[in-house]
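Work through the following exercises with the sequence and the 3D structure side by side, and try each task before reading its solution.

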Amino acid sequence: MNFKKPAAETLYRRVDETADELFYREPRFVAHIDAATIAALTEFYIEFLTPGCDVLDLMSSWISHLPEEVPLGRVAGLGMNEAELAANPQLTDHLVHNLNDEATLPYPDESFDRVNIVVSIQYLVQPEAVLSSVRQVLRDKGAVCIAMSHRLFPTKAIMAFQELPASQRVALVAGHLERAGFKDIEFIDRSPANADPLWLLVARR
Ligand SMILES: C[S@@+](CC[C@H](N)C(=O)[O-])C[C@H]1O[C@@H](n2cnc3c(N)ncnc32)[C@H](O)[C@@H]1O
């Protein structure tokens, strides 16, 4: 196997350590995973979301992949680019917030029933602190879903996601969830054939 495990102290370093505001200044109206992979995620959300639930799409952009079949309450989006978030038709409200500057989410405790993080966890330099805050904003019986795949912005992804094989990346994130206090951590592989993989970690508050 052709990988070099990074030293623990470099796991969360990035090639580009300049302010994230610079990298995300211009909107990117693109899909970050294949259409079949998005369809598989939307299908999974039909099971994961409950009717009327309040959802936070964390690290959001112009698409949230939510199913039309499930009526939802609030759908809040937090990301780095105002134009992308403003163009997202599924969001009921949105804000720009840099989680690498301030890991605490700008929402009151127990605001949401579900938090989704889609193909973005690799950009967090303090994932455990962010996930602790995710737990705080979830209500009793709330749950988080972290969707992972294999594409990334190489200069902005933490070293762990550049160097570790997929199974170790999933294990790393599962460890963050556990240390953030989440329960019933489950790995679900919904990768479609001949398309980007879809690896899901689901956990209860
Ligand atoms: C690959 S895109 C994925 C967007 C979206 N979740 C999707 O499924 O298409 C990465 C997202 O992470 C967000 N992001 C990156 N760094 C961030 C940070 N420091 N704080 C908050 N959001 C961040 C960006 O705004 C961007 O929308």
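**Exercise 1.** Locate lysine 156 in this predicted model, decide whether lysine 156 is buried or exposed, and find which residues distant in sequence are in contact with lysine 156.

*Solution.* Begin with the chain: lysine 156 belongs to the loop that runs between strand 5 and helix 5 (159-163). Next, consider its relative accessible area, which is 1%; since residues under 20% count as buried, lysine 156 is buried. Then list its contacts, leaving aside neighbours within four places in sequence, among them Arg14, Asp16, Asp20, Tyr24 and Gln122. Thr18 also belongs to that list, and the backbone oxygen of threonine 18 lies 2.8 Å from a polar side-chain atom of lysine 156.

**Exercise 2.** Determine which residues of helix 4 (residues 127-137) are buried, and explain how they are arranged around the helix axis.

*Solution.* The buried residues are Pro127, Val130, Leu131, Ser133, Val134 and Val137. Viewed down the axis of helix 4, these residues fall within an arc of 160°, and therefore they line one face of the helix. In general, an α-helix has 3.6 residues a turn, so residues three or four places apart point the same way. Finally, the buried residues of helix 4 pack against strand 1 (55-58), strand 4 (112-118), strand 5 (138-148) and helix 6 (166-179).

**Exercise 3.** Identify the residues that come nearest to the ligand, and describe the polar contact made by asparagine 98.

*Solution.* Of the 18 residues around the ligand, Asp20, Met59, His65, Asn98 and Leu99 come nearest. A polar side-chain atom of asparagine 98 lies 2.9 Å from a ligand nitrogen atom, while a backbone N or O atom of methionine 59 lies 2.8 Å from a nitrogen atom of the ligand. As a last step, consider coverage: of the 580 Å² of accessible area that the ligand has on its own, the protein covers 98%.

Methods:
Residues numbered from 1 in each chain as written. Predicted model: local features only at pLDDT ≥ 70, side-chain atom pairs only at ≥ 80, totals over all residues. Heavy atoms only, no water. Buried < 20%, exposed > 50% of the residue type's maximum accessible area, 1.4 Å probe, protein only. Helix = DSSP H or I, 4+ residues; strand = E, 2+ residues; numbered from the N terminus. Arc of directions from axis to C-beta. Contact = heavy atoms within 4.5 Å. Near = heavy atom within 4 Å. Polar contact = N/O pair within 3.5 Å; in protein donor to acceptor, adjacent residues only side chain to side chain. Areas by Shrake-Rupley, 256 points an atom, 1.4 Å probe, with all protein chains shown as cover.
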